[in-house]
Amino acid sequence: MTLLNVDTEKCKQDGLCAGDCPAGVIYFKPGQYPELKRGAEAMCLRCGHCVAICPHGAMDHAEVALADCPPIDPALAITKDQAVQFLRSRRSVRRFKADPVEKADLQRLIEIGRYAPTASNAQVLRWLVINDKGRLDTIAGKVIDWMRGLVAGSGEGLLPYMPAVVNAWDKGFNSIFQTASCLVVAMAPAGSRNGMVDLTLALSYLELAAPQFGMGTCWAGILQHAMESSPAIKAEVGIPADVPYHYPMMIGYSKVRYYRLPERKPPVITWA
Ligand SMILES: Cc1cc2nc3c(=O)[nH]c(=O)nc-3n(C[C@H](O)[C@H](O)[C@H](O)COP(=O)(O)O)c2cc1C
């Protein structure tokens, strides 16, 4: 099979595939069947737009197989109001049930994360899952040691929240991971120019999908800051030193429920 395979029985020669191809690699002339431009194989983004846009199921792609691309079910479409409420009701969850997080649930959420867009459809993200309260306690302890140094130091690098975090730890509360026993870290390799954007979007997908699975998430920004400042903490988490882009997210079964949609500042827009 070549990269593109057109089923000539089904193709209506409407040119939709060629017109929507973001890389412009499909040659089409009215009255003919679409085909991959000569020598254009490397330029194809493997984004599957040509498969997705064909209403006749006539286009197959060697790396985005038609058989793996289910039809969109109009019955599952959501209304504008549903979309707004869905997006507005996303919350950072910090209170988690003590139940161990099932590997299958984590796998399902991470699989949803891979449908987030990636620049040039690069799909180079890697995932690290630490599903072990003991390990999270050890990592948090290292973060606290690092933070204690800053609290006791000259003031350089000290952030306003740090004394309270250290204080809480000394009183037995872990503000770094709250009540989470599981951490998901999204990573992108060196050389991925949009690595940080790609992994942020994937984690956002996880965050949005989590409540539908009875789960909740919270970005672990304190740990991220510690890892950016201390290679030893990054190593403790298990992120290879040569992986420059990463962000950790707490995850677990949510213990809380919210009843209202909190308001946010109005957008600042320049209509240029
Ligand atoms: C990049 C990023 C880092 C964050 N880091 C932390 C964190 O370390 N600890 C925490 O409790 N919440 C953290 N949060 C959650 C924010 O505090 C939260 O998004 C904000 O207060 C708004 O609440 P909401 O997410 O429920 O809308 C982080 C959020 C983002 C986007």
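A residue is taken to be near the ligand if one of its heavy atoms lies within 4 Å of it. In this predicted model, the ligand is surrounded on that basis by Arg90, Arg91, Ser92, Arg94, Gln178, Cys218, Trp219, Ala220, Gly221, Ile222, Tyr247 and Arg264. When these residues are sorted by class, the shell around the ligand comprises 5 nonpolar, 3 polar and 4 charged residues.

Individual atom pairs add detail to this picture of the ligand site. A polar side-chain atom of serine 92 is placed 2.5 Å from an oxygen atom of the ligand, and an oxygen atom of the ligand also lies 3.5 Å from a polar side-chain atom of glutamine 178. With tryptophan 219, by contrast, the contact involves the backbone, a polar atom of which is 3.0 Å from a nitrogen atom of the ligand. On its own the ligand has 620 Å² of accessible area, and the protein covers 62% of this area. Two or more residues of the shell are contributed by each of the elements β7 (215-219) and α8 (221-229).

Strand β7 leads from the ligand site to its partner in the fold, since β7 and β8 pair in the antiparallel sense over 5 bridges according to the strand assignment. Within this pairing, cysteine 218, which also belongs to the ligand shell, stands opposite methionine 250 in β8. Strand β8 spans residues 245-253 and is mostly covered, with 8 of its 9 residues buried. A further antiparallel pairing, over 6 bridges, joins β8 to strand β6, which is formed by residues 183-188; here alanine 188 is found opposite tyrosine 245 in β8.

As regards the overall layout, the chain is divided into domain 1, covering residues 4-68, and domain 2, covering residues 85-253. The C-alpha centres of domain 1 and domain 2 are 39 Å apart.

Tyrosine 115 is located in the loop between α4 (103-113) and β5 (126-130). This tyrosine 115 counts as exposed because its relative accessibility is 57%, and the cut-off for the exposed class is over 50%. Leucine 66 is 49 residues away from tyrosine 115 along the chain, and the C-alpha atoms of tyrosine 115 and leucine 66 are separated by 16 Å.

How values were computed. Residues are numbered from 1 along each chain as its sequence is written. This is a predicted model: local features need pLDDT of at least 70, side-chain atom pairs count only at pLDDT 80 or more; totals for chains, interfaces and linings use all residues. Side-chain values use heavy atoms; hydrogens and water are left out. A polar contact is a pair of N or O atoms within 3.5 Å; within protein, one must be able to donate a hydrogen and the other to accept it, and residues adjacent in sequence count only if both atoms are side-chain atoms. Accessible areas come from the Shrake-Rupley method with a 1.4 Å probe; for residues, only the protein chains shown count as cover. Helices (H or I, at least four residues) and strands (E, at least two) are DSSP runs, numbered from the N terminus. Ala, Val, Leu, Ile, Met, Phe, Trp, Tyr, Cys and Pro count as nonpolar, Asp, Glu, Lys and Arg as charged, and the others, Gly among them, as polar. Domain bounds come from an automatic or database domain assignment. Buried means under 20% relative accessible area, exposed over 50%, partly exposed in between (1.4 Å probe, protein chains only). Two strands pair if DSSP finds at least two bridges between them.
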